Amino acid sequence: MTDIAIKPAQSERSKFFRRLFRRKTVAIGVLILAIFVVLVIFAPLIAPYSPSKLSIVNRLKPPSGMFFFGTDEFGRDVFSRTIFAGRLSLLVGVAVVTLSAVIGVTLGLLAGFFQQLDTPIARLIDAMMAFPDILLAIALVAALGPSLTTVIIALSVVYAPRLARIVRASTLVLRELPYVEAAKALGISTFHIMTRHVLRNLMSPILVQGTFLFANAMLAEAGLSFLGLGVSPEIPTWGTMIAAGRQYIGQADWMTLFPGIAIILSVLSLQMVGDGLRDTLDPRLRKDL
């Protein structure tokens, strides 16, 4: 019986991955993302130089066999700094998605499942989403003080309402379905119904939205760092590297070019994967694959 139960699950999983990777854009996105992950995880082994090592004699050197991406105004290797900066961007993305999911899913479930909480939580979500994302993030970081923790908290607060609205809308539909009504009639606890019967059926939209939030969080972190509202300037980030390089545009274009390409490719790859997951998991779009 166990083997019979496992085989259909494995078959469904293999079908899902076949449908997902049938789109070339998804395969390309996963490949680019995998390269970035490998680079940032093994950055100490891959980087030829320390990201903070100063060498004034090598100041503003163009890309070459010694310095793949050239050097900056202090003679630091741009390639080494770019891959080390990717570590912080991925850390911010993972942390923001995780914290946003905890906040957004909790608020969405409470609003969708309990009618007495729906109106106040829905109004709170609407009020939060009335502000432009980047302006609200800037206001929160300015109020709390620039730091890595502050950036993560601010971006989580900014993006949690997006997830909460999706979870709330889906929960309003799921709570009226027969299997939920049957669970209530059997006396199953509300917490069990919310986590085992409702939340389990919300994993697809949460997963898809999470990939988009990941990309938005990385882009927003770069924007905050560019404005000087991110982490300490001593820590390399793509945003601070671009901010420093803008003073040397025309003289040392590589200082802004390579961090900019890193941002574009990482965000684009996440968007590709998110689009593929959405089309694969949505029954209305699956027939087109």
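How many salt bridges does the count come to? In this predicted model, the count comes to six. Before getting to the individual pairs, here is the overall picture.

The protein chain is built from 13 helices and zero strands, so reading from the N terminus simply gives one α after another, in the order α-α-α-α-α-α-α-α-α-α-α-α-α. Along its principal axes, the C-alpha trace spans about 75 × 50 × 30 Å. Of the chain's 289 residues, 43% count as buried. Looking at contacts in the chain with a separation of 6 or more, 70% come from residues 24 or more positions apart. The accessible surface comes to about 15100 Å², and carbon and sulfur atoms hold 68% of that. As for charge, there are 27 positive and 17 negative charges, and their mean positions lie 5 Å apart.

Back to the salt bridges. Asp 72 pairs with Arg 76, with the closest N and O atoms 2.8 Å apart. Asp 72 also takes part in a salt bridge with Arg 81, where the closest N and O atoms are 3.9 Å apart. With a relative accessibility of 4%, Asp 72 counts as buried, because the cut-off for that label is under 20%. Arg 76 counts as buried too, at 14% relative accessibility, and so does Arg 81, at 6%. Through shared partners, the salt bridges join Asp 72, Arg 76 and Arg 81 into one network.

Another of the salt bridges links Arg 175 and Glu 176, the closest N and O atoms being 3.1 Å apart. Arg 175 has a relative accessibility of 12%, so this residue counts as buried.

Two of the helices deserve a look of their own. Helix H7 covers residues 148-174 and includes Ser 156. This serine is buried, because its relative accessible area is 0%. Leaving aside residues up to four places away in sequence, Ser 156 touches Ala 95, Val 96, Leu 99 and Ser 100.

Helix H10 runs over residues 203-226, and its length can be checked with a bit of arithmetic. At 1.5 Å a residue, its 24 residues should span 34 Å, because the expected span is 1.5 Å times one less than the number of residues. The end C-alpha atoms of H10 are in fact 34 Å apart, which agrees with that figure. After H10 comes Gly 228, with a positive phi near 85°.

Key. Residues numbered from 1 in each chain as written. Predicted model: local features only at pLDDT ≥ 70, side-chain atom pairs only at ≥ 80, totals over all residues. Heavy atoms only, no water. Helix = DSSP H or I, 4+ residues; strand = E, 2+ residues; numbered from the N terminus. Buried < 20%, exposed > 50% of the residue type's maximum accessible area, 1.4 Å probe, protein only. Contact = heavy atoms within 4.5 Å. Salt bridge = Lys/Arg side-chain N within 4 Å of Asp/Glu carboxyl O. Areas by Shrake-Rupley, 256 points an atom, 1.4 Å probe, with all protein chains shown as cover. Lys, Arg positive; Asp, Glu negative; His and termini not counted. Charge placed at Lys NZ, Arg CZ, Asp CG, Glu CD.
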